[in-house]
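Thanks for coming, everyone. Please bring up the model on your screens, and I'll walk you through it.

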Amino acid sequence: MNRLRRTLRRLRNPPVLRRDMRLLWTTLRLRLFSRSDTLRWADERELNPQWDERAEIVAHHIPAGSRVLDFGAGRRSLERFLDPTCVYIPADLVSRGPGTVVLDLNRRPLPDLHDLHADIAVFAGVLEYIRDVPSLVEWVSRQVPACLVSYQLAQPRTGALRRWGRAVVGWVNAYSREELQRLFEQGGFRCEIDTFGETSEGPEPILLFRRISDGPLL
Ligand SMILES: C[S@@+](CC[C@H](N)C(=O)[O-])C[C@H]1O[C@@H](n2cnc3c(N)ncnc32)[C@H](O)[C@@H]1O
């Protein structure tokens, strides 16, 4: 209901509608050519401070002493909420300050990140922008033993209309909870935590995947 109200509000606001249409067109073009929206993400105004709430929830699931590789680091808010014994390593399409691993998760081949010795990779609000998630999962399973994922889940069998709705905000895929879990399972992970965190924007899905060949994380 809230989402419907938000959509109606957007439709009644011409500047927002124009921006939505521009983003929709860009997303469709980028999706077609498997490219990333570097122009958008280089603009810091695109990084919503409200997403800090999600970072705080994610941080609660990360054990002290972990080396944390934060893909799509954005404002690096996760860094502030981690236990001080953790080592924080930001990774993003554009530099997010000192120590950023600059990489495009839509490019292939993806680099070898073994030297970072990360214990856990975080994907908070970033998988939505990735064209080929299965090959990304296959790659990350060779880089880190665990992944913490926060992803805006689609309904099972999401229809064309909902897919268009997702494209308006720049999202290029639409996985349901079951599909996302299956993807990580096929990549050699098992799901250890499947829950929601409450934010002012609504419930935020949190999934923790652990490589099958390794022991439990928590
Ligand atoms: C919605 S923001 C989420 C930021 C942060 N994780 C948070 O929760 O606040 C998406 C982030 O993913 C990054 N991103 C988008 N496409 C990417 C790509 N192809 N490769 C790497 N990072 C990407 C953006 O630069 C941005 O920092």
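I'll cover the sheet, then one strand inside it, then the ligand shell.

Keep in mind that this is a predicted model.

Start with the sheet. It is open and has 7 strands, in the order S3-S2-S1-S4-S5-S7-S6. The pairing is mixed. Which strands sit at the edges? Strand S3, residues 101-102, and strand S6, residues 189-199; each pairs on one side only.

Take the S6 end. S6 runs antiparallel to strand S7, residues 202-211, and 10 bridges join the two. Within that pair, Arg190 stands opposite Arg210 in S7. Helix H8, residues 177-186, packs on the sheet here and touches both S6 and S7. The direction of H8 makes about 145° with that of S6.

Now strand S4, residues 120-124. Of its 5 residues, 5 are buried. Ile120, Val122 and Ala124 point one way, while Ala121 and Phe123 point the other.

What are the partners of S4? On one hand, strand S1, residues 67-71, pairs with S4 in the parallel sense over 4 bridges. Leu69 has Ala121 in S4 as its bridge partner. On the other, strand S5, residues 146-150, runs parallel to S4 and is joined to it by 4 bridges. There, Val122 has Leu148 as its bridge partner. From S4 the chain crosses to S5 through helix H6, residues 133-140, and this β-α-β crossover is right-handed.

Last, the ligand. How many residues surround it? The count is 19, and the closest are Ser36, Trp41, Trp51, Gly72 and Gly74. By type, the shell divides into 9 nonpolar, 6 polar and 4 charged residues.

Notes: Residues numbered from 1 in each chain as written. Predicted model: local features only at pLDDT ≥ 70, side-chain atom pairs only at ≥ 80, totals over all residues. Near = placed C-beta within 6 Å. Nonpolar A, V, L, I, M, F, W, Y, C, P; charged D, E, K, R; others polar. Pairing = 2+ DSSP bridges. Contact = placed C-beta atoms within 7 Å. Axes fitted to C-alpha atoms, helices over the stretch in contact; angles between N-to-C directions. Buried ≥ 20, exposed ≤ 12 C-beta atoms within 10 Å, placed from the backbone. Right-handed = clockwise from strand over helix to strand, strands pointing away.
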